[in-house]
Amino acid sequence: MKTLNEIRSTFLNYFDAQGHQVVPSSPLVPRNDPTLMFTAAGMVQFKNLFTGVETRNYSRATSAQKCVRAGGKHNDLDNVGYTARHHTFFEMLGNFSFGDYFKSEAIPFAWDLLTKEFGIDPNRLLVTVYHTDEEAVKIWKAHTGLPDERIIRIATDDNFWSAGPTGPCGPCTEIFYDHGDHIWGGPPGSPEEDGDRFVEIWNLVFMQYEQFEDGTREPLPNQSIDTGMGIERVAALLQGTNDNYATDLMRSLIEASAHASSTDPDGPGKTHHRVIADHLRSTSFLIADGVMPSNEGRGYVLRRIMRRAMRHAHLLGVKDPLMHQLVPSLVQQMGAAYPELGQAQSLIRETLLLEETRFRQTLDRGLKLLDDELHGLPEGATLPGEAAFKLYDTFGFPLDLTQDALREKGRAVDTDGFNTAMEAQKAKARAAWAGSGEAADATVWFDVADKSGVTEFLGYDTESAEGQI
Ligand code: ATP
Ligand code: MG
Ligand code: MG
Ligand code: MG
């Protein structure tokens, strides 16, 4: 059985042997790109190579990239604990061609790695292509002998990548693995697609065209390849499970959480352990890359993830801060591949401890208030926005934490009401401040305060060249 660490090296060595430069992961906070919340794909650090703005002494590269999808355009936070295949932090394995090889090499590279190096049963694989991409269909057929019914044509944006309304774009082909009919879910394009049976493992993007303002497209002079494969998903299938959380790395974190909380990893607290293990990775890696918890921007995303994890720890019944105790297990698992984790170990532990100690002062009382509110509500009714706002304002509950807590109970929050309450409070504060005769300073202060608001925060999105993968 291949461990996650072995899978990473197998991938990088394979593409190294095919003439690719092995490039280290870039940080989770993209350099020189304030429009991006976090690095969410392997291609981010190569953006300028695809557009030709920058050239390097290689035209093929491969990487294992740290990714966080917990804010901005890519957000899988709400999937964690609910699907077996989404994380807030994951590693994306990729191979890239900058005007070097194109489809007729990219498809065989991927297929041979999966079926020969990794030994995956070809009968369990199926692929999607963009509905007009006959070239890709032809290559798939010729190289793999996949039958027609396992080459699925998709007409949606899922299989067409673009950086924005203009610029490089092109079709994608995605590789799926069928875990078998004992698991719920349908093939790509079907109404039941959103299950864990057919799992997307690898996305190959063909940067083929340049799109212009008038909507026309021309072939790019330098056609390029950008691929991304989630290492945890491949690890799952290579380790004979459809569940990312049952793989060696995630399992060891779950066991650390169970041990530290003296609970059963597979007992009633199972979901809590999964969320904790996932959030431990994203929070630790974000801190290692210089993000600190705060009330705005990236720091607020970090704080939200931390507090969500802390609520789950609380639900396990532990009385003392838990998250910081798990850091050594993470460093042991991932410190060799990512030395920054080991270097930042004490900072990560201290930050988690401080945040958890502080949040625990209000967490109990906040949860009690939430319970009381729910008691007074008719079955299935949404939580009034003012209550959610009070939890936010007085007890430090980010809106999504309250939503996460309610989702377990099949309830939702009145978010319009929440936003109204938020606006009302801001208006009141503004009026009070204006009356104090310090208008000039007030502007600055409210700019900061506005940014910290959840409403604005959720609006932190971008149409930048982040790409689909
Ligand atoms: P999905 O449809 O499953 O959400 P995606 O289409 O959003 O995945 P891409 O943007 O194509 O994903 O990213 C490339 C690969 O990265 C995916 O094929 C998958 O293997 C992996 N991946 C994407 N999101 C996650 C995640 N949140 N957790 C773990 N792996 C992921
Ligand atoms: Mg997705
Ligand atoms: Mg997808
Ligand atoms: Mg995809």
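This briefing describes the cores, metal site, one helix, selected buried residues, cysteines and salt bridges of the structure above. The structure is a predicted model. Its largest nonpolar core has 109 residues, and the structure holds 29 salt bridges and zero disulfides. Among its ligands are two magnesium ions, ligand 4 and ligand 3, which lie 3.3 Å apart.

**Nonpolar cores**

- Within the largest nonpolar core, of 109 residues, the residues with the most contacts are L114, W140, I175, W202, M229 and L383.
- W140 is in contact with I107, W111, V127, V129, G145, L146, I151, T173, I175 and L204, when its neighbours within four places in sequence are left aside.
- A second core, separate from the largest one, has 19 residues, and Y58, W161, C172 and M207 are included in it.

**Magnesium site**

- Two residues, E174 and E200, supply the protein donors of the magnesium ion (ligand 4) through their OE atoms, at 2.0 to 2.2 Å from the ion.
- E200 also bridges this ion and the magnesium ion (ligand 3).
- The two glutamates come from distant parts of the chain: E174 belongs to strand β9 (residues 167-178) and E200 to strand β10 (residues 198-211), with their positions 26 residues apart.
- E174 is buried, at a relative accessible area of 5%, whereas E200 is partly exposed, at 28%.

**Helix α5 and what surrounds it**

- Helix α5 covers residues 231-238, and seven of its eight residues are buried.
- The buried residues are I231, E232, R233, V234, A235, A236 and L237.
- The elements that cover them include the helices α1 (4-17) and α7 (270-288), together with the strands β5 (89-97), β9, β10 and β11 (217-230).
- After α5 comes G240, which has a positive phi near 75°.

**Two buried residues beyond α5**

- N244 lies in the loop between α5 and α6 (248-260), and its relative accessibility of 2% makes it buried.
- The side chain of N244 reaches the backbone oxygen of R85 at a distance of 3.5 Å.
- Leaving out residues up to four places away in sequence, N244 touches A84, R85, H87, E232, R233, A236 and M250.
- I254 is placed in helix α6 and is likewise counted as buried, with 3% relative accessibility.
- Residues up to four places away again left out, I254 touches Y245, P265, H273, R274 and A277.
- I254 and T271 are 17 residues apart in sequence, and their C-alpha atoms are 9.9 Å apart in space.

**Cysteines**

- Why does C67 not form a disulfide? The closest cysteine sulfur, in C172, is 16 Å from the sulfur of C67, which is too far for a bond.
- C172 is also in no disulfide, and its nearest cysteine sulfur is that of C169, 10 Å away.
- C67 is buried, with a relative accessibility of 0%, and C172 is buried at 0% as well.

**Salt bridges**

- R308 and D78 form a salt bridge in which the closest N and O atoms are 3.2 Å apart.
- This pair joins parts of the chain 230 residues apart: R308 is in helix α8 (residues 297-315), and D78 is in the loop between β4 (74-75) and β5.
- R308 is buried at 3% relative accessible area, while D78 is partly exposed at 43%.
- R308 and D78 are also members of a salt-bridge network that links them with R304, R311, D400, D404 and E408.
- R85, whose backbone oxygen is reached by N244, has a side chain that meets that of D194 in a salt bridge of 2.9 Å from N to O.
- R85 is in the loop between β4 and β5 and D194 is in the loop between β9 and β10, which places them 109 residues apart.
- Is each partner buried or exposed? R85 is buried, with a relative accessible area of 10%, and D194 is exposed, with 58%.
- D372 and K368 form a salt bridge as well, with closest N and O atoms 3.3 Å apart.
- These two residues are about one helical turn from each other, because they are four residues apart in helix α11 (residues 345-375).
- D372 is partly exposed, at 42% relative accessibility, and K368 is exposed, at 52%.

Key
Residues are numbered from 1 along each chain as its sequence is written. Chains are lettered from A and ligands numbered from 1 in the order in which they are written. This is a predicted model: local features need pLDDT of at least 70, side-chain atom pairs count only at pLDDT 80 or more; totals for chains, interfaces and linings use all residues. Side-chain values use heavy atoms; hydrogens and water are left out. A nonpolar core is a set of buried Ala, Val, Leu, Ile, Met, Phe, Trp, Tyr and Cys residues joined through side-chain atoms within 4.5 Å. Buried means under 20% relative accessible area, exposed over 50%, partly exposed in between (1.4 Å probe, protein chains only). Contact means heavy atoms within 4.5 Å. Donors are N, O and S atoms within 2.8 Å of the metal (3.2 Å for Na, K and Ca); water is not among the atoms, so sites may look incomplete. A disulfide is a pair of cysteine sulfur atoms within 2.5 Å. A polar contact is a pair of N or O atoms within 3.5 Å; within protein, one must be able to donate a hydrogen and the other to accept it, and residues adjacent in sequence count only if both atoms are side-chain atoms. A salt bridge is a side-chain nitrogen of Lys or Arg within 4 Å of a carboxyl oxygen of Asp or Glu.
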